Amino acid sequence: MNVLFVASEAVPFSKTGGLADVAFALPKALRKENVDARVIISKTFDLPETLKDNEKQLSHFYVDVGWRRQYAGLSQIEHDTVPYYFIDNEYYFKRDNLYGHYDDGEKFSYFCRSVLEAIRHMGDFKPDIIHFNDWHTGMIPALLNEHYRHDADYKDIKTVYTIHNLKYQGVFGPEILDDLLSMGPDHYHSGGMEFHGGVSFMKSGINFADAITTVSETYAREIQYPFFGERLDGLLRQRGQDLHGITNGLDHDIYDPRKDEHIEWKYDSRSLKKKRGNKRVLQEKLGLPIRDDVPMMAMVTRLAHMKGLDLIEHVMEDIMKQDIQFVVLGTGEPHYENMMHYYQDKYPDKLRAQIQFNAPLAHQIYAGADLFLMPSLFEPCGLGQQIALRYGTLPIVRETGGLKDTVLPYNVYEDEGNGFSFANYNAHEMLNSIETAVDLYSRRKDWNKVVRRAMKSDTSWTNSAKKYIDIYQGVMSR
Ligand code: ADP
């Protein structure tokens with residue numbers, strides 16, 4: 001089975017969020033199950049020196065974007081067993097940020113069209129499935145049906161669409177249909193890609209894919225309700241038969257406390273003393289009091305509203321009243337960046353705000369902290385809590401999306417659980433969970449038992465990759 005995995009970002013080349021991790025880890029896991037999975041992404045980066053020599057220029061071609069004809073270079077590299085194709089166009093992709101430009105509609109129309117065109121230039125590799133991801137790639141099945149089905153190489157290609165976050169939808173003016181996608185006005189209706197007076201990449205992906213997946217079972221259910229459905233819940237209910245939730249795994253080569261190159265003390269569930277060594281190193285690095293008896297809670301996150309930062313704002317004073325250290329690594333909305341700075345100034349012995357994107361520091365925090373806070377309003381899957389589990393840093397989460405599917409709350413009577421959770425989006429419920437966690441920290445024997453259980457949680461990709469293969473087989477047999 002040949003699968004072409006299409007994404008706007010992939011680790012280790014480019015990353016703004018969890019999508020990039022999936023684009024790296026899932027194809028790798030699929031290849032272990034004998035699927036010829038390959039990845040195609042836009043070349044928004046310069047290759048690191050160590051990889052430059054491996055890059056093969058395959059071809060170049062021109063892509064119609066409405067009345068324009070735009071250049072596309074196609075190169076290939078093999079990285080960590082997976083072949084990657086890069087679409088190169090400096091005009092669209094050599095920019096400071098991946099998203100948020102005035103011409104995103106044009107840029108991603110170009111990307112969708114160049115991916116389909118690139119298939120002619122991949123030599124022997126002919127995809128059975130195009131697995132496309134998030135709104136940036138959402139026009140692929142519509143373009144495939146409109147412009148390519150007459151061609152024998154494209155006739156039987158099936159499409160699978162994964163929604164990593166329904167909130168970001170890619171809605172542009174109706175003129176893009178004709179101007180950028182070369183599609184007639186007959187596509188502009190509510191059963192197609194029309195969306196509240198615009199044209200929606202997300203809706204188009206949902207409507208025209210053979211199967212749709214999203215990144216946890218709970219999120220797959222949630223998005224069929226108006227609160228989470230972002231005005232697409234009706235369509236998602238309609239496509240309910242073809243909508244599946246598959247929880248993301250974690251790449252165990254990148255996130256492994258036994259051999260993580262970014263951390264000083266490598267450890268596993270039998271050497272938790274060394275984890276405390278990492279905590280000491282982190283406290284020293286951040287200028288916090290060096291104390292083992294105080295629990296250290298951490299967040300590594302985009303500072304975006306959906307991550308539950310308003311709950312933290314509401315009870316920050318109460319959090320700071322406890323004997324706790326709180327470390328936040330993240331960038332995002334200025335309001336929350338300022339808030340973190342404000343409380344750091346007010347509580348310099350308790351709070352450290354690192355307003356930056358810093359992958360090595362993230363690893364040191366996952367390894368050094370005791371608790372990982374993730375009180376999201378919604379969370380399609382969430383990677384942070386899974387990394388935390390693997391590093392024995394107990395997650396405190398709100399029961400939504402993938403957080404609900406991966407964290408089982410600690411229950412003293414049943415002696416079960418790998419973290420802490422609360423049900424309602426309520427600051428005092430969150431505070432209550434933090435207090436429960438802080439209390440357990442003072443009972444070291446019980447604490448260590450839960451930590452060991454957390455580290456043994458199944459966060460691997462193996463089971464999830466098998467579920468994707470079932471879906472591929474399902475659409476291929478139609
Ligand atoms: P989302 O995709 O919504 O941002 P996830 O939890 O699924 O949230 O994935 C976020 C990923 O990005 C995690 O691997 C997390 O460790 C990482 N990350 C987020 N912010 C930072 C940061 N400031 N520095 C380093 N890594 C970060």
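Is Tyr-161 buried or exposed? Select Tyr-161 in this predicted model and you will find the residue in strand 7, where it is buried, with a relative accessible area of 0%. Keep Tyr-161 displayed and add Gly-205, which lies 44 residues away along the chain although the C-alpha atoms of the two are separated by 6.6 Å.

From strand 7, move to helix 20, because strand 7 (158-163) is among the elements that cover the buried residues of this helix, together with strand 1 (2-6), helix 1 (18-32), strand 6 (129-133), strand 11 (211-214) and strand 12 (243-245). Select residues 462-476 and compare the ends: the 15 residues of helix 20 should span 21 Å at 1.5 Å a residue, and the end C-alpha atoms are indeed 21 Å apart, so expectation and model agree. Next, colour Ser-464, Ala-465, Tyr-468, Ile-469, Ile-471, Tyr-472 and Val-475, which are the buried residues of helix 20. Looking down the axis of helix 20, you will see these buried residues fall within an arc of 160°, and therefore they line one face of the helix.

Now select helix 19, residues 444-455, for which 12 residues at 1.5 Å each should give a span of 16 Å, in agreement with the 16 Å between its end C-alpha atoms. Buried in helix 19 are Trp-447, Asn-448, Val-450, Val-451, Ala-454 and Met-455. Their arc around the axis is only 160°, which means that they sit on the same side of helix 19. To see what they pack against, show helix 12 (272-286), strand 16 (371-374), helix 16 (384-390), strand 17 (394-398), strand 18 (420-422) and helix 18 (427-441).

Of these partners, helix 16 deserves a separate selection, with Gln-385 as the residue to pick, since Gln-385 is found in helix 16 and is buried, with a relative accessible area of 0%. Leaving aside residues up to four places away in sequence, Gln-385 touches Phe-372, Met-374, Pro-395, Val-397, Gly-402, Leu-403, Thr-406 and Val-407.

The next stop is the ligand, around which 21 residues are found, the closest being Gly-18, Arg-302, Lys-307, Gln-356 and Tyr-366. Show the polar atoms and follow three contacts to ligand oxygen atoms: a side-chain N or O atom of Tyr-366 is 2.6 Å from one, a polar side-chain atom of Lys-15 lies 3.2 Å from one, and a backbone N or O atom of Gly-384 also lies 3.2 Å from one. Of the 570 Å² of accessible area that the ligand has on its own, the protein covers 91%. Strand 13 (296-303), strand 14 (325-332), helix 15 (359-368) and helix 16 are the elements that each give two or more residues to the shell around the ligand.

Finish with the backbone in three loops. Start in the loop between strand 1 and helix 1, where Pro-12 is found, and inspect the cis peptide bond that joins Val-11 and Pro-12, with omega of about 10°. Then select Asn-34, in the loop between helix 1 and strand 2 (36-42), which has a positive phi of about 70° although it is not a glycine; at 68% relative accessibility, Asn-34 counts as exposed. Last, go to Asp-415 in the loop between helix 17 (401-406) and strand 18, another residue other than glycine with a positive phi, here near 50°; its relative accessibility of 35% makes Asp-415 partly exposed.

Key:
Residues are numbered from 1 along each chain as its sequence is written. This is a predicted model: local features need pLDDT of at least 70, side-chain atom pairs count only at pLDDT 80 or more; totals for chains, interfaces and linings use all residues. Side-chain values use heavy atoms; hydrogens and water are left out. Helices (H or I, at least four residues) and strands (E, at least two) are DSSP runs, numbered from the N terminus. The expected span of a helix is 1.5 Å times one less than its number of residues. Buried means under 20% relative accessible area, exposed over 50%, partly exposed in between (1.4 Å probe, protein chains only). The arc is that of the directions from the helix axis to the C-beta atoms. Contact means heavy atoms within 4.5 Å. A residue is near a molecule or strand if one of its heavy atoms lies within 4 Å of it. A polar contact is a pair of N or O atoms within 3.5 Å; within protein, one must be able to donate a hydrogen and the other to accept it, and residues adjacent in sequence count only if both atoms are side-chain atoms. Accessible areas come from the Shrake-Rupley method with a 1.4 Å probe; for residues, only the protein chains shown count as cover.
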